Amino acid sequence: MMDIPNLFGSMVFNDKVMRQRLPKDVYKALKRTIAEQKHLNLDVANVVASAMKEWAIEKGATHFTHWFQPMTGVTAEKHDSFISPSGDDNIIMEFSGKELVRGEPDASSFPSGGIRSTFEARGYTAWDPTSYAFVKDNTLYIPTAFCSYSGEALDKKTPLLRSMEVINKEAKRILRLFGNKDVKRVIATVGPEQEYFLIDKELYEKRPDLIYCGRTLFGARPPKGQELEDHYFASIKPRVSAFMKELDEELWKLGVLAKTKHNEVAPAQHEIAPIFSTVNVAADHNQLIMELMKKIANKHNLVCLLHEKPFAGVNGSGKHNNWSISTNTGVNLLEPGETPYENAQFLLFLSAVIKAVDEYQDLLRISVASAGNDHRLGANEAPPAIISIFLGDELTEIIESIENDTCYNQKEKCQMEIGATVLPHFPKDTTDRNRTSPFAFTGNKFEFRMLGSSSSISDPNVVLNTIVAESLSQFADRLEKASDFKAELTSIVKETIRNHKRIIFNGNNYSDEWVKESEKRGLLNLKSTVEALPYFIAEKNVKLFTKHNIFSEAEINSRYHIMLEEYIKVLHIEALTLLDMTKRGIIPSVISYLKDLSEVALNKKSIGKDFNCKLEETLIESISDLGACLYRNVEKLDNSILEAKNQETLLDTAKYYREVVFIAMQELRSVIDNLETKVGKKYWAFPTYGELLYSVY
Ligand SMILES: NC(=O)CC[C@H](N)C(=O)O
């Protein structure tokens, strides 16, 4: 039997290990640094580094690395060994405080969006002591933030840490107003559910589109997709189960709270979900989950696909971000409380979220925007591109009665004056949740369902933390000045509901009616990444980010640049891959099938008897017609790529890729998919959807 409690966190330099291995004063100094987010004194760092090194070597480490999260959305690492010459032809194993707290990787090959010119290649990594170091692959991993020589953030961790500070500050102002003096920190927490596909490695290797783009660029629908709904929660196949078991064990060793695993809706689709944790730790852990899924799948001759839409026609994969805020004393601020006073506080935090989501729909949309996620959002399997909040009928009725000063429940007396009564308990039961909603209240947290499966959870949580902090900051400004706290509180909640209730929608987000209704309500519907991105640099958003020191103006512009560039590059790679597969795979398949068909027809004729050649002739005709169409579409796509270079601005180029190149790809695809259903199996150059989706058992 595996001793899971002992296995859990066994490769992590966590609090328990620190307490055991660090001198008491050093341990205390380190804890204080972590709690107060201060810089670590070098003497303390030296002692910590030495203890860390001893521990890591015992765990098999030979190297250390500053592990960081550049703007690529994945992690980066450069390994240095602990060896240092001792002067007598020998070496000693060394690791200093300086090496622990700061690294200087060459930053020139990471996206910087113009912040850092190549001649200033230096970038810095700085230890983030709020996320524990760990040993993996014989290396000590030190979670770090990554910034440029001049101090601008070049990564996804720095703004996340900044946003945590901001929500901590503003939420504490509110708590103080409610008389709470004990809370030292307010922490944003997240539990991200991660969806993925597992397919057979041998088949994967035969699909360059999966290799280069992570998704199939063509493929006819197989006879069976997900219509029988027989995969969701179905019994887990042995090969998948063996993969999941190893994944759990490896994650547990690294202190990741892997909790739930199951089959998802589409064939070959699965999910893993950890228990929630502090948002920056959750972000680090989600990166580890994605990385380990890929590595462990490989050991099982499988490939883990993290793309948002690897296969057209069946569900894509999301990452559902269960977000809440709680105090260091363990109180969840999005949990309706036991007393009237707590409930007033809950309603204020709820109002802050409602106001934030309505005012910054654009930023939330952008935080999940990517070329991959464009295929998923609005495709009737994931929320549409329109942001709205699901509160559930009960909570909606409550806030409506607050707005209108009416009775919430006939059985109770009219007592909706804020704080005058105990709110009923809301079911935390997940069955109650609305799966079509992009942002659903689930009893004590919000489930932001728009995130794509491959992306870092950092961006959406930076936005969530910051926009909610902004609402809280405006509320606190008013409440701190108010002579009658209760009256001001009531008017804030009422006003917020009145001004922002358009964002609340409890119905079916997939329906056409909602598209029309949301338009009437004036909500944004930013269907694609290209439509959404320009809002990032809108004045109100620049003001928000700079006010709270999340991003400087230079950082905002650089991120905008990086996002546009990434979008263009992804589409460019996809277009080139599709052309390559068509020219060197599909066209030869079609030709050789046509050749055999023609030979049969000719042979029949050469025998001299008047054999019926209807079958051959019909097939030759229809495939030849499709072939001609294929050729035209290849030319069109080829030319569209050439023309892309002539666009003036980066935004123009991104738009062009969406409006011209992407459309040309779709047109080419539809001919290929049609041909696939007509060309003989043995001639077809690539594994089909049926094979890819049903080969793992
Ligand atoms: N069962 C589910 O929750 C499906 C979710 C869906 N796969 C998504 O992309 O979000």
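Trainee: What makes the reach of helix α9 close to the one expected?

Mentor: In this predicted model, α9 covers residues 238–253, which is 16 residues. The expected span is 1.5 Å times one less than the number of residues, and for α9 that gives 22 Å. From first C-alpha to last, α9 reaches 23 Å, so the two values are close.

Trainee: Why is Trp-252 in α9 called buried?

Mentor: Buried means under 20% relative accessible area, so Trp-252 falls below that cut-off. Val-240, Phe-243 and Leu-247 are also among the buried residues of α9.

Trainee: What covers the buried residues of α9?

Mentor: The cover includes α1 (4–7), α10 (279–299) and several strands, among them β10 (186–200) and β11 (258–263). Just after the helix, Gly-255 takes a positive phi of about 75°.

Trainee: Why is strand β15 described as largely enclosed by the rest of the structure?

Mentor: Nine of the nine residues of β15 (residues 319–327) are buried, so the description fits. Lys-319, Asn-321, Trp-323, Ile-325 and Thr-327 point one way, while His-320, Asn-322, Ser-324 and Ser-326 point the other way. That fits a general pattern: in a regular strand, side chains alternate between the two faces of the sheet.

Trainee: How do you know that β15 pairs with β10?

Mentor: Pairing needs at least two bridges, and nine join β10 to β15, so they count as paired. These strands run antiparallel, and Pro-192 has Asn-321 as its bridge partner in β15.

Trainee: What makes β15 and β18 a pair?

Mentor: Three bridges join β15 to β18 (residues 446–448), so the requirement of at least two is met. They run antiparallel too, and Trp-323 stands opposite Phe-446 in β18.

Methods:
Residues are numbered from 1 along each chain as its sequence is written. This is a predicted model: local features need pLDDT of at least 70, side-chain atom pairs count only at pLDDT 80 or more; totals for chains, interfaces and linings use all residues. Side-chain values use heavy atoms; hydrogens and water are left out. Helices (H or I, at least four residues) and strands (E, at least two) are DSSP runs, numbered from the N terminus. Buried means under 20% relative accessible area, exposed over 50%, partly exposed in between (1.4 Å probe, protein chains only). Contact means heavy atoms within 4.5 Å.
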